[in-house]
Amino acid sequence: MESIYWVACWACHRKCRHCYEARFRPYVREALEAVVAEAERNSRLVLENLPPRLTYREAAPADGERPERPARIILAGGEALLDRVRQRVTYPILEGLRARYAEQGGVKVIVQTTGDLLTPAIIRELLARGAWMISVAGLDDFHVGMEGAERQEAWRQRLSAMMRAEGMQPAGIAVQNRSTLEREEPVFSFFGATPESWIGKLWPRGRAWENGLSSATLADNFCNRWSGGLNFLRHGEAGAEVSIEPDGSVYPCCLKTRVPLGNLTEEPLLEILESLRDDPAFAAISRGEPERMGLADGWSAEDFIARSHTVTPQGKPYANLCIGCDRFHEEVLGERVAAARAARHARRAVVA
């Protein structure tokens, strides 16, 4: 894989109205212990089922040379730097990744955070455990206390000075700046949910959907872009990315299909992807053509578009390809995913 987006824990200290997942929120007492214990337990199993080598090759240039590069793991939440999460989940994952891949081509780990919990001591602790990038994701008007360009710029300058003092250098958004990926020194970046960077129009998911914030249309194909389903089946190649949740569920995109591909607490990631490689529905997702995922099952592209229409929780007409993807999973693909999972388990039982 070129990249794995690993949501390690649901716990967050914020409850942003634009968040794509309603489970990202503050938890207290027993509820907090439950989500941290889940993340602590499952992260060890997920780590064991990641590929034995996490590298990828760039597309072939004119001279035919295809250098092998270390993949990236974006370690995110929730908030990965909450005290209990940081000590019991984030730091052990960083240590585990370094131990697993140090002699296998390496891996570049990006710790994604809202940024308001960063301290010089935490920055040093992250770097000491092998973090390559700290990515501050809260630079937008949706994060309470960060409203307004002047306040955001002051915050950026304060955190930049803090990270520079620990030997880090600024970088652009890594996926949009290929030269950044070749840098060895630790770097930092900033982004937020603004029209100028990152997601632009909000996804039809989570609290963004519940609060009627998504203005996406049928023209907005979230599948055919980075962190969508594009190229997720092409592991070992540039552009391949999957997303993992705290329970070990793996998805072809950060937005999440209605049904997960499999679960990394039970089985290896590459076995899951290989079992789905020849399925025409998943091949269409990997091409960034979700409207074609049902062609082999009697859903024309026109049928898919028709099923992509719905009504928002506020009662307004809405249409986006993610809605059609959800419907196709509910009505057709869910059973096939379950059958593929059962077949994988049966093959492993025979081998055992």
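T113 is buried, with just 2% relative accessible area; the cut-off for that label is under 20%. This comes from a predicted model. As for its place in the fold, T113 sits in strand β5, which covers residues 108-113. Leaving aside residues up to four places away in sequence, T113 touches E79, L81, L118, I134, S135, V136, A137 and G138. Part of that list is an unbroken run, from I134 through S135, V136 and A137 to G138. The side chain of T113 also has a polar partner: one of its polar atoms lies 3.0 Å from the backbone nitrogen of G115, inside the 3.5 Å limit for a polar contact.

Next, the enclosed space. The structure holds 2 cavities of 30 Å³ or more, and the largest cavity takes up about 140 Å³. Its lining is made by 16 residues, and C223, C253, T257, C322 and C325 are the ones nearest the centre. So four of the five names closest to the middle are cysteines, with T257 as the other. Sorted by class, the lining of this cavity comes out as 11 nonpolar, 3 polar and 2 charged residues. Helix α10, spanning residues 321-351, gives the largest share of that lining, with 3 residues. Why is the largest cavity placed between domain 1 and domain 2? Both domain 1 (3-274) and domain 2 (280-351) give residues to its lining, so the cavity lies between them.

Then there is the open space. The second largest pocket holds about 320 Å³. It is lined by 18 residues, and those nearest its centre are P204, R205, K256, R258 and D326. Here the class count runs to 9 charged, 6 nonpolar and 3 polar residues. On the helix side, α6 (206-210) and α10 each put at least two residues into the lining of the second largest pocket. The largest share comes from α10, which supplies 4 residues. As for position, the second largest pocket lies between domain 1 (3-274) and domain 2 (280-351), because both of them give residues to its lining.

Put side by side, the two spaces have some features in common. Helix α10 gives the largest share of the lining in the largest cavity, and α10 does so again in the second largest pocket. The lining classes read 11 nonpolar and 2 charged residues for the largest cavity, against 6 nonpolar and 9 charged residues for the second largest pocket.

Methods: Residues are numbered from 1 along each chain as its sequence is written. This is a predicted model: local features need pLDDT of at least 70, side-chain atom pairs count only at pLDDT 80 or more; totals for chains, interfaces and linings use all residues. Side-chain values use heavy atoms; hydrogens and water are left out. Buried means under 20% relative accessible area, exposed over 50%, partly exposed in between (1.4 Å probe, protein chains only). A polar contact is a pair of N or O atoms within 3.5 Å; within protein, one must be able to donate a hydrogen and the other to accept it, and residues adjacent in sequence count only if both atoms are side-chain atoms. Contact means heavy atoms within 4.5 Å. On a 1 Å grid over the protein atoms alone, a cavity is a set of points where a 1.4 Å probe fits but cannot get out, and a pocket is an open set with protein on both sides within 12 Å along at least five of seven lines; lining residues have an atom within 4 Å of a point. Grid points are joined across faces, edges and corners, and a volume is the space filled by probe spheres set on the points. Domain bounds come from an automatic or database domain assignment.
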